[in-house]
There are 2 protein chains.
Amino acid sequence: MEWEDLARELSQQTDSKIVLLVMDGVGGLPADGRSELEAARKPNLDGLAKAGVCGLSDPVLMGITPGSGPAHLALFGYDPLKYRLGRGILEALGSGVEVGRNDLVARGNFATVKGGLVVDRRAGRIPTEENVRICEYLNGRLPQREGVEVRVFPGKEHRFVARFTAEGLADALTDADPQKEGQAPVPTAPVAPEAAKASAVVNRFLDDVAVVLNGEAKANAALLRGFSKFPSIPTMQALFKLRPAAVANYPMYKGLAKLLGMDVLSVGSGTADLFDALERNWDKHDFFYVHYKKTDSAGEDGKFDAKVGAIEALDPYLPRLLALKPDVLVVTSDHSTPSCLKGHSWHPNPFLLVSPTAGVDDVAAFTERACAKGYLGRFRSISAMPLMLAHALKLQKYGA
Amino acid sequence: MEWEDLARELSQQTDSKIVLLVMDGVGGLPADGRSELEAARKPNLDGLAKAGVCGLSDPVLMGITPGSGPAHLALFGYDPLKYRLGRGILEALGSGVEVGRNDLVARGNFATVKGGLVVDRRAGRIPTEENVRICEYLNGRLPQREGVEVRVFPGKEHRFVARFTAEGLADALTDADPQKEGQAPVPTAPVAPEAAKASAVVNRFLDDVAVVLNGEAKANAALLRGFSKFPSIPTMQALFKLRPAAVANYPMYKGLAKLLGMDVLSVGSGTADLFDALERNWDKHDFFYVHYKKTDSAGEDGKFDAKVGAIEALDPYLPRLLALKPDVLVVTSDHSTPSCLKGHSWHPNPFLLVSPTAGVDDVAAFTERACAKGYLGRFRSISAMPLMLAHALKLQKYGA
């Protein structure tokens, strides 16, 4: 019996509403004695810390630095050590490519082949506009094959995403990439019997590309890596009986949310747009994932002051969120992104939870060190979902 | 997917250096209101607590009192509930007997057999010098058997360790010990088919001993218990890509370290010798396990003041360690040994970690109660290794 089984058994639909506000990468480290959260003026966030209970959460395990995929899965109540999202899927989500349950996706490079050998794995890093043109050309000219739909989506420079749609495509495939220049292109091969069909479909595509792009000077072949399917992962409806919605600006987070069965709301690109969308859709859902990206971006760039600014820029919007009177509000990060490390880190997330059933501890600021002394203690992020459901009175009693 | 799989996937070799200083059994309990750590003057340890972050760690699970084996395994990143070290191996390691991957070891007693019955299972507790003489005699006179090497190593009084070296010796063997006096000696028997060879080898040895020691008045037979092989356990090199070294005075800890693939450095018997060895070998390794035994010995003896003294005796050496500028320094115990309990206990270990990426909490003393309020919270000791590796920047990101 694991949490997932418990969730299926005990969760119940109610009218109560949960908001999970993810300030991406907000957890940080001190520079000159103060972390980004400690340096920021954020009266509303600190007010929430005072009004609720706080703690620190480890996304995967203590010491493990997660990518955005595992970090978000954990917050949504999925074991990040059980469910892994393939590179192809993440590349597709990050590029805004829609991926459904019959889709097989892969990361692609346009390459230059001469005399039967790959002479440039990146086709001279063709400009992105060239890439867009070539993808459009390919999508128009690739021969139709019965029962299979193939589309390519341009990325930056020579990169693209390939999406194959058909029944029965498995992702147990080797990379169709010689990895080194001066070698012949390699077809993909199935590493499990059920991937035979996918292998044939992919290799036919590679042949078709070579024919269609025959006249191109540089981008006259495709290499494919990281084949992955829509992961076999239960939806949040199935596990938690939620009617969940995602309020996010960036494709990757929208895509991730969609994978889990969330309704992805139409949201503009600004911070205010998040709260507009939340207000507009308040009556239609009982779980809202709100994703704020700017804290992570500033951290990744190593810009302490910009990260402080991103925190201070979000803070004034919180009264709009509170005016909706969610039954449960959690504010946390998916993972920490300390500016001094210029990237994701293993440090635990500051975590605050406000709800009528949560009580109050004596944490008075939403910072890493203050949260470390909170009532919630230190826990794994996968406990966030049971906590939110419980405080929303959406979990029945276990056993008699 | 478990931590061990993650470790293999994510660990990377770097030049950064980790020191894990184990003050064996240092965790304690208050007598007259203060624990041993609270009573000790230890400005350097307290300074480290101020300079880093602190917490409490449970060696196995809350409430479980571990032996030195599981407690150390956990600190080294091995699940103590997955890997168990047999009694024979620990007895061998504790006696300084080298054990390799083709060795089968057992704990032995010399016994007195008369008229076909074991009349004294301890051979009248012969003096240790007698034991030494008898083991030498046996090692010189035991008949050579092809492909098998057997050696006995004297312990205290009637105790010894037997080591059988050959290909294909399994340890699924019953004890060759009637357990009671007045009964006939019993041979060992295999409890799994693959132990048939080992059983034959051991029983031939028991017969040989009876012949060779025929003239002895008391110690004229051998009883064997706790057959065990070198455990099938991955090395720290394989799991963590470390170049690890052990700096320890006592055989058992050296042996344990060797089992895990550590280089066991040549160290004298004093406390200063630990730091001499550390300095001498600083350039050759990236992980140093430094073991300080005196805190545990005093605790086992129930001597509160001696344990306080052992803490105070180590403290002045810490500046020598810090002068080496380790990237990550952890000070903790493997398990607690409260003087008032005169033995290992289930109480969690005080734990401090100092590193540029660790930040600082407001714990100002290295004591049980102060550490309980630290940023690291309460965690299982198996998290110590991922934490150390993470702060040494030796773990890559998990997932994208």
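These legends go with a set of close-up views of a predicted model.

**View 1. The largest nonpolar core and its best-connected members.** This core counts 103 residues, and Tyr78(B), Phe240(B) and Phe287(B) touch the most other members. Helix 15 of chain B, residues 384-391, gives the most to this core, putting in 6 residues. Zoom in on Phe287(B) and, leaving aside neighbours within four places in sequence, you'll find it in contact with Ile18(B), Leu20(B), Phe76(B), Met236(B) and Leu242(B), as well as Arg243(B), Pro244(B), Ala245(B), Met385(B) and Met388(B). Apart from this core lies another, of 52 residues, with Phe153(A), Ala248(A), Phe379(A) and Ala400(B) among them. As a rule of thumb, nonpolar side chains in soluble globular proteins tend to be buried together.

**View 2. Phe76(B) meets Tyr289(B) edge-to-face.** Over all chains, the count of aromatic pairs is 18. In the pair shown here, the ring centres of Phe76(B) and Tyr289(B) are 4.8 Å apart, with 80° between the planes. Phe76(B) comes from the loop between helix 4 (68-75) and helix 5 (87-94) of chain B, while Tyr289(B) belongs to strand 10 (residues 287-292), so far along the chain that 213 residues separate the two. Phe76(B) is buried, because its relative accessible area is 0%, and Tyr289(B) counts as buried at 0% too.

**View 3. A ring cluster in chain A, and two lysines over rings in chain B.** Ring pairs join Trp3(A), Tyr78(A), Tyr83(A) and Phe240(A) into a cluster. Over in chain B, the charged end of Lys17(B) sits over the ring of Trp282(B), 5.5 Å from its centre. Lys293(B) lies over the face of Tyr250(B), and here the distance to the ring centre is 5.9 Å.

**View 4. Where chain A meets chain B.** Here 30 residues of chain A are in contact with 27 residues of chain B. The two chains bury about 2300 Å² between them, and 64% of that is on carbon and sulfur atoms. On the chain A side, look for Met62(A), Arg84(A) and Trp346(A): they lose the most area to chain B, together 27% of what that side buries. The count of salt bridges between the two chains is 2. Asp362(B) and Lys373(A) also meet through their side chains in a salt bridge, at 2.5 Å from N to O.

**View 5. Helix 2 of chain B, tied to far-off helices.** Over all chains the model has 44 salt bridges. Glu36(B) forms one with Lys307(B), with the closest N and O atoms 3.5 Å apart. Glu36(B) is in helix 2 (residues 36-39) and Lys307(B) in helix 12 (residues 304-314), so the pair ties together parts of chain B that are 271 residues apart in sequence. Is this pair buried or exposed? Glu36(B) is buried at a relative accessible area of 0%, and Lys307(B) counts as buried at 0% as well. Glu38(B) meets Arg369(B) in another salt bridge, 2.6 Å from N to O. Arg369(B) lies in helix 14 (residues 368-371), so this pair ties helix 2 to a part 331 residues away in sequence. Glu38(B) is partly exposed at 21% relative accessible area, and Arg369(B) is partly exposed at 47%.

**View 6. Arg121 and Asp177 in each chain.** In chain B, Arg121(B) forms a salt bridge with Asp177(B), the closest N and O atoms being 2.8 Å apart. Both residues, Arg121(B) and Asp177(B), are buried. In chain A, Arg121(A), Asp177(A) and Arg225(A) are linked in a network of salt bridges.

How values were computed: Residues numbered from 1 in each chain as written. Chains lettered and ligands numbered in written order. Predicted model: local features only at pLDDT ≥ 70, side-chain atom pairs only at ≥ 80, totals over all residues. Heavy atoms only, no water. Core = buried A, V, L, I, M, F, W, Y, C linked by side-chain atoms within 4.5 Å. Buried < 20%, exposed > 50% of the residue type's maximum accessible area, 1.4 Å probe, protein only. Helix = DSSP H or I, 4+ residues; strand = E, 2+ residues; numbered from the N terminus. Contact = heavy atoms within 4.5 Å. Phe/Tyr/Trp six-rings, centres within 6.5 Å; stacked < 30°, edge-to-face > 60°. Lys NZ or Arg CZ within 6 Å of the ring centre and 35° of its normal. Buried area = accessible area lost by both parts, 1.4 Å probe. Salt bridge = Lys/Arg side-chain N within 4 Å of Asp/Glu carboxyl O.
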